[in-house]
Amino acid sequence: MKNILSAGYYPALGTPLDEQGNVIASSLSLHVEDQLNGNAAGLLVMGSMGMQAQIKNSEYARTARIASDAVKAARSACPVMVGVMDNSIGRVAERIDSLKEMALCGVVATTPFYFALTQTEVRAFFERIASMSPFPVYMYDLPGVTKTKIEAATAIELMKHPNIAGIKTGDLALARVLQREKFQHAPNFSVLFSGLDVFDAAYGYGLTSQLDGMFSCTTAINKRLYESLASENMEAASSSLDDIITLRNTFVSVGVFGGFSYAMNALGFEGNFAPDYAPRLTAAQEEQVQSCMRSLKLI
């Protein structure tokens, strides 16, 4: 059943790993608690920032359970979504099956990312997944990674499926079209917008459910940003968004995952939040990230 997602920010959580690639339960639970304290509207476990494609199969379901249990332990009603991205319907089905006893509001899937798909194949892929999933399915439009765009006409047809609950996209034009079309075809369909650089402008278009990995390390700023947006204080909102973008740009300059992992450690979250092939930051790069975080009063 589709339940429309509320306005606010949705962090794509990081996944803290030890040297063997196993999730560090205490660190992930603390990460969840921090986001709940920041009034996150929902959580995405093992999205792009959470490195779902890099998590060991043996740690996959355990990672999802640790996060969902942390929300339950906090007696929170915060919705939890889990990434199930993979390269075939059968492989996605196995991921979903491993989650079946968890209290989740949905699963999130890109198109398969090894071969490019036609739009007919995109539609068949999501329809089959949605028809067999016990959880609502959220489409994830990520053509820069998957090589396949979920086009507007395809998404409009797919939103009519009773178990396709929404889409995550950073394409503002697509998001605006779907935000309008849903009222005719599927009023409870959720559009999760992920174009960080224009979150303030997008909010004004009614795209008020916003998801990004940067939210995982900017909790204090997130809270200010969405309080300002809700009260229509656009000057304050834009200033807060600029702070998040400043940190994002710093990560880009030193290596996104290396910068993110160092920032998470600086915030008190143990573990490696980067793929196992990503190099550690140099001392100079660490100082660059630390200096930026200090200027933003994150540490």
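The paragraphs below go from the whole chain of this predicted model to three of its residues.

Taken as a whole, the protein chain is made up of 12 helices and 8 strands, and its C-alpha atoms fill a box of roughly 50 × 45 × 40 Å along the principal axes. The radius of gyration is 18 Å, which agrees with the value near 19 Å that a compact globule of 299 residues would have. Of these 299 residues, 55% count as buried. When contacts with a sequence separation of 6 or more are considered, 72% of them join residues 24 or more positions apart.

The surface and the charges can be described in a similar way. The accessible surface of the protein chain comes to about 12800 Å², and carbon and sulfur atoms account for 51% of that area. The chain carries 24 positive and 29 negative side chains, with the centres of the two sets lying 4 Å apart.

Within this framework, the loop between β1 (8-11) and α1 (25-37) holds threonine 15. Threonine 15 counts as buried because its relative accessibility is 1%, where the cut-off for buried is under 20%. Its side chain reaches the backbone oxygen of glycine 50 at 2.7 Å, and Gly50 is also among the residues that threonine 15 touches once those up to four places away in sequence are set aside. The other residues in that set of contacts are Val23, Met46, Met51, Ile55, Thr63, Asn272 and Phe273.

Glycine 14 is placed in the loop between β1 and α1 as well, and with a relative accessibility of 1% it counts as buried. Its C-alpha lies 6.0 Å from that of phenylalanine 273, although the two residues are 259 positions apart in sequence. Phe273 is one of the residues that glycine 14 touches beyond four places in sequence, together with Leu28, His31, Met49, Gly50, Ser216 and Phe260. Gly50 and Phe273 are thus contacted by glycine 14 and by threonine 15.

Alanine 70 belongs to a helix, namely α2, which covers residues 57-73. Is alanine 70 buried or exposed? At 14% relative accessibility, alanine 70 counts as buried, since the cut-off is under 20%. Leaving aside neighbours within four places in sequence, alanine 70 is in contact with Ser29 and Val32. The C-alpha atoms of alanine 70 and leucine 28 are 8.5 Å apart in space, while the two residues are separated by 42 positions in sequence. Leucine 28 also appears among the residues touched by glycine 14.

How values were computed: Residues numbered from 1 in each chain as written. Predicted model: local features only at pLDDT ≥ 70, side-chain atom pairs only at ≥ 80, totals over all residues. Heavy atoms only, no water. Helix = DSSP H or I, 4+ residues; strand = E, 2+ residues; numbered from the N terminus. Rg over C-alpha atoms; globule rule 2.2 N^0.38 Å. Buried < 20%, exposed > 50% of the residue type's maximum accessible area, 1.4 Å probe, protein only. Contact = heavy atoms within 4.5 Å. Areas by Shrake-Rupley, 256 points an atom, 1.4 Å probe, with all protein chains shown as cover. Lys, Arg positive; Asp, Glu negative; His and termini not counted. Charge placed at Lys NZ, Arg CZ, Asp CG, Glu CD. Polar contact = N/O pair within 3.5 Å; in protein donor to acceptor, adjacent residues only side chain to side chain.
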